[in-house]
Amino acid sequence: MLQEEIIRAALQPAQALFLYESLDSTQEQVRRLLAGQQTAFAVLSDAQHAGRGRLGRSFFSPPGTGLYLTWAFPLPENQLQPQLMTLAAGLVVCKAVDYFVHKKFTCMMKWPNDILINDKKICGILATLSSSVNELFRQWVLIGVGINVTGDTWQFPEEIRELVGTVQQQTGQAIPREMLSAHILNGFYQMIAQDSALAFDGCVAEVKQRLCTLGRQVSFSRDGKTHSGTAVDLLADGSLLIQTETQQLAIQSGEVLHKR
């Protein structure tokens, strides 16, 4: 079980924090709490029994080994691109893991929302918008993070076992989950502490340095058809620019598969 006092002691500045032994989903719990909140807050759980990722997929969330959290903040007046939220959050997670394993660029990013170490997925990110009956803030940004921190992958479902990894398995280092969660929450807070729009916009250049999708042959779906091409750039709004045989296409959402 996560130790709440360790997390709280490492938060700079202090943030509202709700910690649970088990939940259906941290994102769902955030939505249940929104009406009573006025500032950014976080929900963490030692396990999830209905964790979810992008495109409605489930997210395997066993107890005692992972970090499952959702951080919520009121939507600023300048509307933010959802894709930029995902990328900026991914950058915070990458830097946090790098900090604890004492090696830069340990983590790489696969567009749009996966964090990889040695080409194995160790983290997924889900950024969404949510409405609230809160009179002060009608719209909130929810950033969900699921990280495989410790242990091996033998317990994962067989269909994903070869695709995923844990931070400990891939780096040989066991990071305290409490300290990792506090480092990530501090990074999220700093991300919006001044000008939210500028903070998200400014992350694109840094994301490019970690984006292992760039230069890769990829496939993606558009208008009900599967297309192939080369990922050539990350645009200012977080879209992925892909060069096909006939044209360049900017992909704003959906799944992009790396070709082996």
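**Briefing: charge, fold and aromatic pairs of a predicted chain**

The chain carries 22 positive and 24 negative side chains, and the centres of these two sets are 5 Å apart. The model is a predicted one. Its secondary structure amounts to seven helices and twelve strands. The radius of gyration is 18 Å, close to the 18 Å that the globule rule gives for 260 residues, so the chain is as compact as a globular protein of that length.

**Overall dimensions and packing**

- Along the principal axes, the C-alpha atoms occupy a box of roughly 55 × 45 × 35 Å.
- Of the 260 residues in the chain, 53% count as buried.
- Among contacts with a separation of 6 or more, 63% are accounted for by residues 24 or more positions apart.

**Surface**

- The exposed area of the chain is about 12200 Å².
- Carbon and sulfur atoms supply 49% of that exposed area.

**Aromatic pairs**

- Six aromatic pairs are found in a search of the whole structure.
- One of these is formed by Trp71 and Phe73, whose rings lie 5.2 Å apart centre to centre with 40° between the planes, a tilted arrangement.
- The angle of 40° is neither under 30 degrees nor over 60, and the pair therefore falls in the tilted class.
- Trp71 has a relative accessible area of 0% and is therefore buried, and Phe73, at 1%, is buried as well.
- Tyr99 and Phe100 form a pair with ring centres 5.1 Å apart and planes at 90°, so this pair is edge-to-face.
- Phe100 has a relative accessibility of 17% and counts as buried, because the cut-off for that class is under 20%.
- Phe18, Phe41 and Trp140 are linked into a cluster by ring pairs.

**Met191 and helix α5**

- Met191 is located in helix α5, which comprises residues 177–192.
- The relative accessibility of Met191 is 8%, so this residue counts as buried.
- Met191 and Cys203 are separated by twelve residues in sequence, and their C-alpha atoms are 9.4 Å apart in space.

Definitions and conventions
Residues are numbered from 1 along each chain as its sequence is written. This is a predicted model: local features need pLDDT of at least 70, side-chain atom pairs count only at pLDDT 80 or more; totals for chains, interfaces and linings use all residues. Side-chain values use heavy atoms; hydrogens and water are left out. Rings of Phe, Tyr and Trp (its six-membered ring) pair if their centres lie within 6.5 Å; planes under 30 degrees apart count as stacked, over 60 as edge-to-face and the rest as tilted. Buried means under 20% relative accessible area, exposed over 50%, partly exposed in between (1.4 Å probe, protein chains only). Helices (H or I, at least four residues) and strands (E, at least two) are DSSP runs, numbered from the N terminus. The radius of gyration is taken over C-alpha atoms; the globule rule is 2.2 Å times the number of residues to the power 0.38. Contact means heavy atoms within 4.5 Å. Accessible areas come from the Shrake-Rupley method with a 1.4 Å probe; for residues, only the protein chains shown count as cover. Lys and Arg count as positive and Asp and Glu as negative; His and the chain ends are not counted. The place of a charge is taken as NZ of Lys, CZ of Arg, CG of Asp or CD of Glu.
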